[in-house]
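Q: Please take a close look at a single part of this model. I should like one connected account of that part, its partners and its surroundings.

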Amino acid sequence: FQWGFFFRHTLLLNSSSNFFKILMLQDLLKNYQLQYPAERIIVDKMRDFLSEHKDCFSRSNITGHFTGSGWLVDEERNWVVLTHHKKLGKWLQLGGHADDNNNLLEVALTECTEESGLQSVKVISEQIFDIDIHTIPQYKDTPKHLHFDVRFLFETIKGLEPIIASNESNEVAWIKLDHVHTKNSEPSLQRMVKKTKAGIWT
């Protein structure tokens, strides 16, 4: 048995897998652009960043990196789970760093369950629900950088399980869609509220 061949073969398989996952993300972004042509500029920026930076899924890229988020709603689409983020001091959708995982749907789902404590979370669609590029301010030794955030739509039954906030949050709670603007009026969140109310995703 030749270990050298084994390791080279394994490395080749991993590289091929990563290559195809990145191609899949490019396709997802292309599909998103077709559905939301008004957001073409931001889609193009994401696709360029994905093509130009091999370490775009890692925090080691101090310019910026991809993150995965989940818009977690109830079955009737009247409520959404938001977190009051400790470091940023604001109400946001659940989500976090990819940490070298280029499957952002997986990242978003993991972050949703870890940050909320909710385990019965259903993936509504593997297509991208929303995207956003925003600046993260400097925090201690971490310089200011960009988050290329890819969001997916998830669903759970409100009241089925208790919410258990992680240590990254001051609070995690169900917020009525009509009241999201009272927690955070940023266009990014309001856009997701509008998409939810539009009922495109079933």
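A: Two strands are taken to pair when DSSP finds at least two bridges between them. The model discussed here is a predicted one, and the part chosen is strand β6, which comprises residues 145-155.

The setting comes first. The protein contains 5 helices and 7 strands, which follow one another from the N terminus in the order α-α-β-β-β-α-β-β-β-β-α-α. Of its 202 residues, 44% are buried. Among contacts between residues at least 6 apart in sequence, 69% link residues at least 24 apart.

Strand β6 itself is mostly covered, with 10 of its 11 residues buried. Its pairing involves several strands. With β1 (residues 64-73), β6 runs parallel, and the two are joined by 10 bridges; within this pairing, Gly64 faces Leu146 of β6. Strand β5 (residues 130-136) runs antiparallel to β6 and is joined to it by 7 bridges, with His134 opposite His147 of β6. Strand β4 (residues 122-123) is likewise antiparallel to β6, through 2 bridges, and there Val123 stands opposite Phe154 of β6.

In a regular strand, side chains alternate between the two faces of the sheet. Against that background, the nonpolar cores may be considered. The largest has 31 residues, and Phe66, Leu104 and Ile128 have the most contacts inside it. Strand β6 is one of the elements supplying at least two residues to this core, as are β1, β7 (169-176), α1 (3-35), α2 (40-52) and α3 (104-116). Helix α3 gives the largest share, 5 residues. Beyond its neighbours up to four places away in sequence, Leu104 touches Val150 and Phe152, and also Leu25, Phe57, Phe66, Thr67, Gly68 and Ala98. A second core, separate from the one just described, has 16 residues, including Phe129, Leu153, Val180 and Val193.

Glu155 deserves separate attention. This residue belongs to strand β6, and it counts as buried because its relative accessibility of 11% falls under the 20% limit. The side chain of Glu155 makes a polar contact of 2.6 Å with that of Arg77. Leaving aside neighbours within four places in sequence, Glu155 is in contact with Leu72, Val73, Asp74, Glu75 and Arg77, as well as with Ser120, Val121, Lys122 and Ile124.

Arg77 leads on to helix α5 (residues 187-198), where Thr196 is found. Beyond four places in sequence, Thr196 is in contact with Arg77 and also with Trp71, Val73, Phe129 and Leu177. Both Arg77 and Val73 are thus contacts of Thr196 and of Glu155. The side chains of Thr196 and Trp71 are joined by a polar contact of 2.8 Å. Thr196 is buried, since its relative accessible area is 9%, under the 20% limit.

Some remarks on confidence complete the account. Mean pLDDT for the protein is 90, with 89% of residues reaching 70 or more. Among the elements, helix α4 (residues 180-183) has the highest mean, 98, and α1 the lowest, 68. Over residues 1-15 the pLDDT remains under 50, and the model shows 1 contact beyond four places in sequence for that stretch.

Key. Residues numbered from 1 in each chain as written. Predicted model: local features only at pLDDT ≥ 70, side-chain atom pairs only at ≥ 80, totals over all residues. Heavy atoms only, no water. Helix = DSSP H or I, 4+ residues; strand = E, 2+ residues; numbered from the N terminus. Buried < 20%, exposed > 50% of the residue type's maximum accessible area, 1.4 Å probe, protein only. Polar contact = N/O pair within 3.5 Å; in protein donor to acceptor, adjacent residues only side chain to side chain. Contact = heavy atoms within 4.5 Å. Core = buried A, V, L, I, M, F, W, Y, C linked by side-chain atoms within 4.5 Å. pLDDT = per-residue confidence, 0-100.
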